[in-house]
Each structure stands twice: as structure tokens, then as C-alpha cells.
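Trainee: Could we go through this one together before I set anything up? I'd like to start with the strands and then ask about the charged side chains.

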Amino acid sequence: MDITRYDEHAYAIDTKSAGRLAVDTETLKNFDPEQHVHGTAACGCCGCCFTGDCCNDSDCVSGKECNAKDCDKACTENNEHHDCAFCHLAFDTDEASHEEIIKDLVELKAALAA
């Protein structure tokens, strides 16, 4: 796998199903594909910044704090207008896309470790 930098804190993977995705370096370090559950946020954020209101809290919808995190700061890649690989894992319901992203993340992690 060719290792491509997206910017100073992210790598890039190119997928057929979702296009070019940013992979945050810190999130990748802690990401365990064997433990990942489809539909959950790998970055640790609650996800309400993407879905609107995951916890039925009116503050989430208005962009305030949720689970002690500012919704507007939950995902660096999203805030920099990148298409984030981990957000796709959390919120993209296409299983084929999900499997392709996981495969690419495993390859990237192995290539960086080599």
C-alpha cells in the first residue's frame, strides 16, 4: 500500500465506494478493527454532530455540549471539511463500503508499522 499524507495530522485512503477518505493519525493508533462495531464512532465522539441528535438531548441539536464534548469540535477531519474514514464507519450504512474501509485501515496500519 502506498502511504499518502492527507495533511499534517491525517493519512489518506482511496476507496471505490466512498472515494478519498482522511484517516486521523491519533484515531488510527487506537483503532482496533477486530473490536469495531458497525454504527459506532471510532473517534470517541457521540456522533450527534453528524446525525443531529443521537441522545435525545436538545443541546445536541443546537450544537452545544454532549457527553462533555463540544459537538462542533468532535471530529477534526469533518471540521476541516475532509471526508473522514472513521465517520463513514460510524454513519454509512453500506456494508460493502464498511468492509472496504476496514480493509484499507488494516493495510494502512500494517504499512505504517513496517
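**Strands, helices and charges**

Mentor: Let us begin with Asp-7, which is found in strand S1, residues 4-7, and keep in mind throughout that this is a predicted model.

Trainee: Okay, and what is the nearest side chain of opposite charge to Asp-7?

Mentor: That is Arg-5, at 6.0 Å, and Asp-7 has no salt bridge although it is buried. With a salt bridge requiring a side-chain nitrogen of Lys or Arg within 4 Å of a carboxyl oxygen of Asp or Glu, the 6.0 Å separation from Arg-5 does not qualify.

Trainee: Which backbone nitrogen lies 3.0 Å from a polar atom of the Asp-7 side chain?

Mentor: The backbone nitrogen of Ala-10 does, so the side chain of Asp-7 has a polar contact there, given that the cut-off for such a pair of N or O atoms is 3.5 Å.

Trainee: Back to Arg-5 then, where does it sit, and is it buried, exposed or partly exposed?

Mentor: Arg-5 lies in strand S1, and with a relative accessible area of 38% it is partly exposed.

Trainee: Which backbone oxygens does its side chain reach?

Mentor: The side chain of Arg-5 reaches the backbone oxygen of Asp-7 at 3.5 Å, and one of its polar atoms lies 2.7 Å from the backbone oxygen of Glu-8.

Trainee: And what is Arg-5 in contact with, leaving aside neighbours within four places in sequence?

Mentor: With that exclusion, Arg-5 is in contact with Ala-10, Tyr-11, Arg-20 and Thr-25. For Thr-25, which is 20 residues from Arg-5 along the chain, the C-alpha atoms of the two residues are separated by 9.9 Å.

Trainee: Switching to the sheet, how many strands does it have and in what order?

Mentor: It is an open sheet of three strands in the order S1-S2-S3, with antiparallel pairing. S1 and S3 are the edge strands, each of them pairing on one side only, and from one strand to the next the twist averages 45°.

Trainee: Which helix packs on that sheet?

Mentor: Helix H6, residues 95-113, packs on the sheet and touches S2 and S3, and its direction makes about 135° with that of S2.

Trainee: How many bridges are there in each strand pair?

Mentor: S1 and S2 pair in the antiparallel sense over three bridges, while strand S2 (residues 10-15) and strand S3 (residues 19-24) pair, also in the antiparallel sense, over six bridges. Both pairs are hairpins, with two residues between S1 and S2 and three residues between S2 and S3.

Trainee: Which residues stand opposite each other?

Mentor: Between S1 and S2, Arg-5 stands opposite Tyr-11. Tyr-11 also stands opposite Val-23 in S3, and further along, Ile-13 stands opposite Leu-21 in S3.

Trainee: New topic: how many salt bridges does a search of the whole structure find?

Mentor: The search finds two. In one of them the side chains of Glu-26 and Lys-29 meet at 3.0 Å, N to O, and in the other the side chains of Lys-103 and Glu-107 meet at 2.9 Å, N to O.

Trainee: How are Glu-26 and Lys-29 placed in their helix?

Mentor: They are three residues apart in helix H1, residues 25-30, and because of that spacing they are separated by about one helical turn. Glu-26 is partly exposed, with a relative accessible area of 45%, whereas Lys-29 is exposed, at 55%.

Trainee: And how far apart in sequence are Lys-103 and Glu-107?

Mentor: Four residues, about one turn of the helix, and both of them lie in H6. Lys-103 has a relative accessible area of 49% and is partly exposed, and Glu-107 likewise counts as partly exposed, at 33% relative accessibility.

Trainee: One last residue, His-36: where is it, and is it buried or exposed?

Mentor: His-36 lies in the loop between H1 and helix H2 (48-51), and it is buried, with a relative accessible area of 16%.

Trainee: How far is His-36 from Ile-102, in sequence and in space?

Mentor: The two are 66 residues apart in sequence, and their C-alpha atoms are 9.2 Å apart in space.

Key:
Residues numbered from 1 in each chain as written. Predicted model: local features only at pLDDT ≥ 70, side-chain atom pairs only at ≥ 80, totals over all residues. Heavy atoms only, no water. Buried < 20%, exposed > 50% of the residue type's maximum accessible area, 1.4 Å probe, protein only. Lys, Arg positive; Asp, Glu negative; His and termini not counted. Polar contact = N/O pair within 3.5 Å; in protein donor to acceptor, adjacent residues only side chain to side chain. Pairing = 2+ DSSP bridges. Axes fitted to C-alpha atoms, helices over the stretch in contact; angles between N-to-C directions. Contact = heavy atoms within 4.5 Å.
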